[in-house]
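User: I would like to learn how to read the helices in a model. Can you take me through them?

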Amino acid sequence: MQGLKYFVREAMISLWRGRRAALLSVATIAAAVFVLGGFLLMGANLDRLVARWSAAAEFSVYWRDEATRAQQDAVDRILAGSGVVAGREPVSKEGALQRFKRDFPALAVAAGSLERNPLPASVEVRLRPGADPDAVSQLAAQIAKVQGVADVRYDRQWIERVLSVVVLARGLGILLAAVLIVAACLTVANVVRLALFARLDEVRIMALVGAPMSYIRGPFVVEGILQGGLGTAMAVILLYVGFLAARARYGDAMASLGGGGTFVFLPIGLTALLVLGGLALGCVGGMVAARGARGVAAES
Amino acid sequence: MVETFHLSKLYSRGVYALRDLSFKVDKGEFVFLTGPSGAGKTTLLRLLLREILPSEGEIIVAGRNLARMSANQVQTYRRSVGFVFQDFKLIPRMTVLENVAFVPRVLGAPVATQRRKTFQVLKWVGLQHRINAYPFELSGGEQQRIAIARALVNDPMLILADEPTGNLDPDLSLEIMNLFREINARGTSVIVATHDRELIRRVGRRAVTLDHGSVVEIDEHAAVDARA
């Protein structure tokens, strides 16, 4: 405990003495953690959005005008026997036109002036929650082959495309964060190494009086941890401020897109993991630099 | 206490700092190492501190072969040796008290022990009234007394001093040597490297003269004079 107090005190003195260099190191860690946290935050919110879209995913079967009753019954039988359908609602050509006029009032007059209704009759199919996407895709393909079916639209196909873009963006974000983390680690190591050189005489005296290596290296490792902690704290605060600003500005748009949900911050577990990661990053940087203390001690 | 057998130290540029040196310092003895610059005095002290390893031969201190120690054993060994340098090597940002307490502190001694030992040695060197001063506020003699206090604070069995009076005037030099004599009188072995022949004569202890890394003279008379 006494040793730990000594490490922390010495590390804080050293941080204050080399505050300009330390600020650079803290800022680099903050940037790395901010980028990583930002991508995780964005990814987590997009995941939620996509999950809600997926849960609400539907597919629609559009009829040709000449589709017969028998063809419609055939599709009904396929849907009923599929095991993934929660419900279905037929929409007539007239019903489709009414809906169009309601959803796009500016075009209602133009739609009413047409000689014939161009909108097809359809069946809107609601899927069971957790329906297997592959099974639904197969069902859509099977129905598309039925005579009288003009088209089958399945939401999940584009949701999956959005999802793949999200995964790609997250991967790029993690890659970028990894590069920044390595840079931050090297910066911490170099800043702590500067502190080591500034205290070379002390390190030599410590080695000459027989101080344990842990006692010689401890303050430098703690200095790295403090830099990591400060940088991460800064990043998390900035992330939260950015999150609040984004929610204030885009929260309503998100809610309308996502069926009522809005932005959420990183889960507490992930935030804690981010903070621990920042501390570990500083610790690694400090340890790399503290290896230099071993060299000095060996020369002493 | 200290015994060397055919000790040699060859530096990388092919120069022998010490060559085939065999000598002995008894427990509780006070010995001067003297000789011109480059004679090997500092190299011998560095070997005794286990800062460097011998190229050939053996060096035994208190029964331990310094060349065959692990890193941890070296640290343990150094806790039993005090050192004093010509340039004092005090830590400028620390007060007198902190400079001396630094040793027990980094060795993990309890706070009460650190304080007790530090006050004890500062009182012993007569600087208990300067505990809050910084090294730059002290005279050369005072700084060296602080360095001696730091060397003593861990109750070493052996004190090594490399030109401890090199930066001091003759009166202060004698004052510092008297401190070493008192340390020695308490039973601690003392090895002082100095090129100051006059000082050796005035202190009166055995003097081992080195030149080009070898012992060229052992002056037992000084020791006899001192005992007389």
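**Reading a helix**

Analyst: Start with the outward side of α4(B), where B:Ala112 and B:Lys123 are exposed. Exposed means 12 or fewer other C-beta atoms within 10 Å of a residue's own; buried means 20 or more, partly exposed is in between, and C-beta atoms are placed from the backbone. Helices (H or I, at least four residues) and strands (E, at least two) are DSSP runs, numbered from the N terminus. This is a predicted model: local features need pLDDT of at least 70, side-chain atom pairs count only at pLDDT 80 or more, and totals for chains, interfaces and linings use all residues. Residues are numbered from 1 along each chain as its sequence is written, while chains are lettered from A and ligands numbered from 1 in the order in which they are written.

User: Which residues of α4(B) are buried?

Analyst: An α-helix has 3.6 residues a turn, so residues three or four places apart point the same way. Here the buried ones are B:Gln114, B:Lys117, B:Thr118, B:Val121 and B:Leu122. They cover an arc of only 125° around the axis (taken from the directions from the axis to the C-beta atoms), which puts them on the same side of α4(B). Their cover includes α3 and α5 of chain B.

User: What follows α4(B)?

Analyst: B:Gly126, with a positive phi near 75°.

User: Which residues of α6(B) are exposed?

Analyst: B:Pro170, B:Asp171, B:Asn178, B:Glu182 and B:Ala185. On the other side, B:Ser173, B:Ile176, B:Met177, B:Leu179, B:Phe180 and B:Ile183 are buried. These buried residues cover an arc of only 150°, which puts them on the same side of α6(B).

Methods
Two residues are in contact if their C-beta atoms, placed from the backbone, lie within 7 Å.
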